[in-house]
Amino acid sequence: MRSRSSTHVAWAVHWTLDAVWERLGIGAAIRRVAEGRRVDGVAVERVIFALVAQRALESGSKLAATGWVAERVAIQGLNGFSDDQAYRSMDFLLEALEEIAGEIFSSVAHLLNLDLDLVFVDTTSTYWETEGPDLLPELQEDDSKDTGNHTRNHGDAGGGSGPVESGRRAFGHSKDNRTDLPQVVIAMAVTRDGVPVRCWTFAGNEGDQAIIRTVKDDLGAWNLLRMVWVADRGFASAANRAYLTRGGGHYIHAEKLRHTNTEAAAALARPGRYRTVAGNLRVKEIHVAPGGHGDGDDGARAVRFVVCHNPEQVERDAAVRANLITHLTQLIDGSDAWTPARRSEFVGSLKAKPGLRRYLRRTAKGLRRIDAAAAMRETHLDGKWLLRTSDAILTPEDLAAAYKQLLAVERGWRDMKSSLGLRPVFHYREDRIRAHVQLCWLALLLIRVVENTTGDTWRNTAHELDRMHLVTLATPDGQVAQRSTTTPGQKQILAALDLPEPPRFLDFTVPAAD
């Protein structure tokens with residue numbers, strides 16, 4: 001009896017990602033850029049795709065990726081690769097990122113007909129389980145050298161140059177509340193459809209205000225006709241606003257409701273009627289003169305604000321405040337008997353808890369009490385947020401809806417940190433950290449396109465496609481690789497993506513004649 005052997009590997013989910021990868025022009029962009037750098041474009045593109053697919057499906061180290069491709073999946077044109085090939089491909093991706101990202105953007109924007117009048121920008125941080133920062137990052141670019149689009153003179157927009165992209169781990173403000181660990185800062189630009197068009201990495205102690213300038217210059221090089229930048233209050237500064245409006249650009253950003261500037265405070269204090277634009281959203285438009293005195297007569301120098309109010313959020317904010325006051329009351333119960341030093345120590349312990357400290361006051365005798373006046377002032381802010389914009393065309397409804405869409409960016413951060421395995425990061429070299437982030441960006445780009453097209457989550461889509469396997473049967477008479485039958489769910493996904501069914505037979509060979 002002749003012996004035979006068979007293997008089963010996942011097939012459809014990787015085939016689908018590969019098809020979307022090619023349709024978006026990502027593979028073609030990498031191969032085209034590689035040709036001009038005397039690199040084997042086909043080989044390096046296949047390895048980069050494999051690393052991106054691993055991010056999207058089963059995140060792990062680059063060494064784990066070599067075994068994943070060799071033993072568990074079937075990626076067309078790639079039977080396997082070494083960890084050295086993986087690192088060389090990452091080095092190429094980072095070296096040629098400007099060209100590759102520009103080509104990908106042009107192709108994706110054209111094919112998907114992206115709405116690019118609004119660009120959402122936000123930052124996050126990711127940390128390392130290590131004790132100290134990077135003092136001498138490897139391959140860090142010298143600021144004194146000509147670094148192309150990375151180093152710029154921003155003149156009167158805030159002074160100095162934009163930060164150089166860096167994967168240097170340093171202590172800074174952690175958005176994961178891990179200030180005890182070194183980190184890097186990541187910025188991402190996303191369309192109103194949730195499609196990430198570019199990603200940047202900076203040193204862990206870089207501030208949001210400086211990062212926005214590098215982001216604007218990089219996207220500005222793509223010659224977009226009109227852009228309105230939507231960002232959270234971390235980007236709110238006069239210097240940033242001046243820089244974002246250069247070249248006809250505009251901005252939408254939120255203002256702080258507490259301890260805010262005079263113009264924003266005047267907008268909040270200005271009476272006016274709200275207009276309901278949705279079941280849970282009311283808006284009113286306010287024009288304030290520079291400095292906050294008067295309404296500016298709607299002149300060219302008037303500052304445009306939109307006060308947004310959510311009646312449902314009012315109840316939630318009131319409930320949160322009541323819980324905070326109850327908790328604070330319990331904390332200070334019996335504090336009259338404390339020593340002055342202990343009372344001061346208690347106040348210091350609330351430094352990182354502004355929600356509690358806000359409602360604490362000190363009497364003339366140094367005792368601690370609930371600040372009822374502060375609680376009353378807070379009621380006037382319940383359910384509100386305040387937007388400032390330089391755009392005179394978008395309606396108040398458009399402005400409020402645009403800012404709420406920043407949730408799409410926040411969802412992208414959650415996916416990058418969890419599903420795509422942004423953390424933990426198995427790299428310590430500065431350049432490899434940046435390359436790792438770019439692999440996560442490409443994976444998120446593929447996932448968002450699939451989700452927007454199918455109308456379903458990537459988790460559900462990948463689970464259904466993963467049911468299709470490629471079975472390879474090898475005998476002395478030859479070898480055949482055949483996929484399993486397409487399910488109705490898989491047919492629906494492929495139809496939504498406008499993709500044909502994968503070929504039934506991938507390989508059919510017979511032994512060579514003696």
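What follows is a chat about cysteines, nonpolar cores and one glutamine in a predicted model.

Reader: Hi! How many disulfides does the count come to?
Author: Hello! The count comes to zero disulfides in this predicted model.

Reader: Why is there no bond at Cys199?
Author: The closest cysteine sulfur to that of Cys199 is in Cys440, and at 8.3 Å it is too far for a bond. A disulfide needs the two sulfur atoms within 2.5 Å.

Reader: And is Cys199 buried or exposed?
Author: Cys199 is buried, with a relative accessible area of 0%. Cys440 also counts as buried, at 0% relative accessibility.

Reader: Thanks! Switching to the largest nonpolar core, which residues touch the most other members?
Author: That core has 93 residues, and those touching the most other members are Trp21, Ile26, Ile48, Phe81, Phe92, Ile104 and Leu219.

Reader: Where does the largest share of this core come from?
Author: From helix α16, residues 430-454, which supplies twelve residues. There is also a second, separate core of 21 residues, with Met188, Val230, Ala254 and Tyr403 among them.

Reader: New topic: where is the place of Gln490?
Author: Gln490 sits in helix α18, which covers residues 488-496.

Reader: Buried or exposed, that Gln490?
Author: Gln490 is buried, because its relative accessible area is 1% and the cut-off for buried is under 20%.

Reader: What does the side chain of Gln490 reach, then?
Author: The backbone nitrogen of Thr487, at 3.0 Å.

Reader: And leaving aside its neighbours within four places in sequence, which residues is Gln490 in contact with?
Author: With those neighbours set aside, Gln490 is in contact with Glu464, Leu465, Arg467, Met468 and Thr485.

Note on methods: Residues are numbered from 1 along each chain as its sequence is written. This is a predicted model: local features need pLDDT of at least 70, side-chain atom pairs count only at pLDDT 80 or more; totals for chains, interfaces and linings use all residues. Side-chain values use heavy atoms; hydrogens and water are left out. Buried means under 20% relative accessible area, exposed over 50%, partly exposed in between (1.4 Å probe, protein chains only). A nonpolar core is a set of buried Ala, Val, Leu, Ile, Met, Phe, Trp, Tyr and Cys residues joined through side-chain atoms within 4.5 Å. Helices (H or I, at least four residues) and strands (E, at least two) are DSSP runs, numbered from the N terminus. A polar contact is a pair of N or O atoms within 3.5 Å; within protein, one must be able to donate a hydrogen and the other to accept it, and residues adjacent in sequence count only if both atoms are side-chain atoms. Contact means heavy atoms within 4.5 Å.
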